[in-house]
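Here is a quick tour for anyone meeting this protein model for the first time. Have a look at the sequence and the fold, then read on.

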Amino acid sequence: MDTHRIKYYGPGDMTYNMYLHESEQYMEAFNYDRSTRKLIDVIEMHNVLKYLSAADIVINDKVDSFKKVAKRIIGSYVSRKDLDALSAEYEELYILYKEDFWEIFVDYQLIKKTTVPQFQDFIEKNNVFIVVLLQQKAICDKYRVPLKVLLLKEPKCFELFLSKYDSAGERDYEFPPNFSNEEINDWARRYCEWEDANPNYLLQLSLWSSHHEKKIDDRIILKAKRAREKQMNKYFDKSSGFSWGLEVEFKPDIPTGFRFEAKSETDFKVSFDKNWLIEERDYPTLLNNFTYHFGFFDLMGRFSLIGSQNATGSLSDIMQPQAKHGYRVSLDFKIKRTYFSMLYQAYFDYLAYEGYDLEEIYAFCYNELFQSEYNIQGFSCNPTPKENGFYDRCKALIPEMDSILKQFDFFQRYGEIDDDLFEMQSKTTGYREIKSLQDKKYVYFNSEDTLGLCRLLFDNQSRLSFPEKKKGESSFYYYVQKGIAVADFYESQQWIISEHLKDNDIIGYDVANRIYFRDPVLIRMYKAIWESGYCSLFDFSDDFLTKVQQEVEKGNLRYGDTLFSEQESDYISFIMDDKKFSNTLAIRNKYTHGSFSKRSGHEHKGHYLELMMIMLLYTVRINGELDYQDRKKQKQNSEPQV
């Protein structure tokens, strides 16, 4: 077998420039008089044609002439063969050339003279990997019956079905259209019963969404869930696996107010100053602790539990299948949720020990604070009795949360909350659609080009995150901040830096040939949006807002005018319902429909605290709206009248 052949992987691959150069050399050295060629030669020629048809190539007479001759040679070779005559040579091809063979099979019309029995005999004799056949729609259409039989025969092939119909990204293969729901469900059942079923795919099946066109019976979904639980118990029964620990404590006399300790490589301890909590016990301060002391919201107003939905994430995130209708649960997201959930519970329990109930503190905002601070009447909240069990508190809290959103929606639409009108209108606006008091509250990315640029700059798995001569930083952005030159990168990376960053005025080079950002304000703005998918504009400077407006006018960014950011609405959905995602906690649904009453008190407390964290988000966002409007009015009133 030939050890080195040209292979086309696409313009985004790091081998692209190398193989493009080799393709040009191939054309220059091409022997037009050679009469004998093997299948592997024909397939390499097919790959060369792909490079010479790319946008990077300047088409001239020589290139045009070569392309015509190459296509004629491939067509002539294929026309003189039938499928069976190519069997021996096919068997010798390396795997990535085998997928190119089936492209040629379709593109050069060998498919037209190949009957169903001939096709079936060939794939059985050569043990053809079925996914390379599914990559060709024409093959799926013509040979749908034998392909269907082949797929249904093996439980493992159900993984291809799951990847096709329940993956976040598009798959580069087709599926025969002739599957009934009964066949799919039986196939899924056999996969659940298969002892070598992959736990990741079992998880994917156990979270199958009702939004899918292909329907899976609830009993099969439950079977997948139980099969995965059985597997996980088997795998980890005698193995310690990987674990990490986190402690949260309130301790007196911490001068900085906060201390982080690494007890080991995997065990950590976070301590907060207890003196502050003892000394400052008025309700507004107890609420502000969530932002200024515990960091549930950062200085840019972003909800800290939400991470970037655009980042590639860790190696485990890359390996974990992402469901098409699933909320993205990355390793970073799991760690954040664990930390903030523990912190919230510790604070809740501490306040309860001191005689304070968090629900009553939230209710204080709606019943007193908004009227005294902003002179706004009509908001109200009835806290659930703290002596009740957590199951009853969950059931009672949910309608109060709905009422709070309805109150703000009324205030936003009508400028007041009329109690009589409030009682008359039973229809409520969904949390995603509730408008902000400001037309330009949030800013988001608005183009794939901008998102692609940010991946290059900020993603820890981007093609520029692993330079040749420097190590230790997580992304290209941080390497630039620390100091790095173009020569520190691999040659293939240098081309990307020049083509995508230098030529577009994103970066420049100083006298020492080190890279710097030409517009650092723009880059910081992009980074802020990248980290959570959005930014609130309530507290930014005029210079920053001007820069945002310029980017909006270019089509790179867009404004949002809702109470919650799109990412916050997704998180609310992840906790509260199953309207959008298949892997949600759906706490609202479970308690509203009474399907969760038999769970333990510990689980009910966990869900109550989840609701309370959402209540925190509601309260901070509504207070932020009213506060911004109040400051805006004060500023307008203080300006001299003309």
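## A helix with a two-sided salt bridge

Let's start with Lys554, which is exposed, its relative accessible area being 60%. What you're looking at is a predicted model, and in it Lys554 pairs up with Glu551 in a salt bridge, with 3.4 Å between the closest N and O atoms. Glu551 itself is buried, at a relative accessible area of just 3%. Both residues sit in helix α25, and because they are 3 residues apart there, about one helical turn separates them.

## Salt bridges that span the sequence

There are 45 salt bridges in the structure. One of them joins Arg302 to Glu531, where the closest N and O atoms are 3.1 Å apart. Arg302 belongs to the loop between α15 (283-293) and α16 (315-319), while Glu531 is part of helix α24 (residues 520-532), so this pair ties together parts that are 229 residues apart in sequence. Is Arg302 buried or exposed? With a relative accessible area of 8%, Arg302 is buried, and Glu531 is partly exposed at 30%.

Another salt bridge brings the side chains of Asp539 and Arg631 together, at 3.2 Å from N to O. Here Asp539 comes from the loop between β7 (535-536) and α25 (542-554), and Arg631 from helix α28 (residues 601-638), so parts 92 residues apart in sequence are tied together. Asp539 counts as exposed, with 61% relative accessibility, and Arg631 is partly exposed at 36%. Salt bridges can also link up into a network, as they do for Lys7, Lys50, Glu99, Asp100 and Glu103.

## Two nonpolar cores

Now for the inside. The largest nonpolar core has 79 residues, and the ones touching the most other members are Phe290, Phe296, Tyr344, Tyr366, Phe379 and Tyr571. Which helix gives the most to this core? That would be α28, with 12 residues.

Tyr344 is a good residue to click on. Setting aside its neighbours within four places in sequence, Tyr344 is in contact with Phe290, Phe296, Leu358, Tyr362, Leu609, Met612, Met613 and Leu616. There is also a second, separate core of 74 residues, and its members include Leu83, Ile104, Val128 and Tyr201.

## A mostly covered helix

Helix α12 (residues 199-206) is mostly covered, with 6 of its 8 residues buried. Those buried residues are Pro199, Tyr201, Leu202, Gln204, Leu205 and Ser206. At the start of α12, Asn198 does something neat: a side-chain oxygen of Asn198 comes to within 2.7 Å of the backbone nitrogen of Asn200.

## A buried asparagine in a loop

Asn126 sits in the loop between α6 (116-125) and α7 (130-134). Even so, Asn126 is buried, its relative accessible area being 6%. What does the side chain of Asn126 make a polar contact with? The partner is the side chain of Ser87, 3.0 Å away. Leaving out neighbours within four places in sequence, Asn126 is in contact with Ser87, Tyr90 and Glu91.

## A three-stranded sheet and its helix

One open sheet has 3 strands in the order β1-β3-β2, with mixed pairing. Its edge strands are β1 (245-251) and β2 (258-262), each of which pairs on one side only. On average, neighbouring strands in this sheet are turned by 15 degrees against each other, direction ignored. Helix α17 (residues 331-353) packs on the sheet and touches β1, β2 and β3, its direction making about 30 degrees with that of β1.

Zooming in, β2 and strand β3 (residues 267-273) pair in the antiparallel sense over 5 bridges. Which residue in β3 is the bridge partner of Arg259? It's Ser271. In a regular strand, side chains alternate between the two faces of the sheet.

## Strands around β4

Finally, take a look at strand β4 (residues 442-445). β4 pairs with β7 in the antiparallel sense over 2 bridges, and Tyr442 stands opposite Ser536 in β7. β4 is also joined to strand β8 (residues 557-560) by 4 bridges, and these two run antiparallel as well. There, Val443 stands opposite Tyr559 in β8.

How values were computed:
Residues numbered from 1 in each chain as written. Predicted model: local features only at pLDDT ≥ 70, side-chain atom pairs only at ≥ 80, totals over all residues. Heavy atoms only, no water. Salt bridge = Lys/Arg side-chain N within 4 Å of Asp/Glu carboxyl O. Buried < 20%, exposed > 50% of the residue type's maximum accessible area, 1.4 Å probe, protein only. Core = buried A, V, L, I, M, F, W, Y, C linked by side-chain atoms within 4.5 Å. Contact = heavy atoms within 4.5 Å. Polar contact = N/O pair within 3.5 Å; in protein donor to acceptor, adjacent residues only side chain to side chain. Pairing = 2+ DSSP bridges. Axes fitted to C-alpha atoms, helices over the stretch in contact; angles between N-to-C directions.
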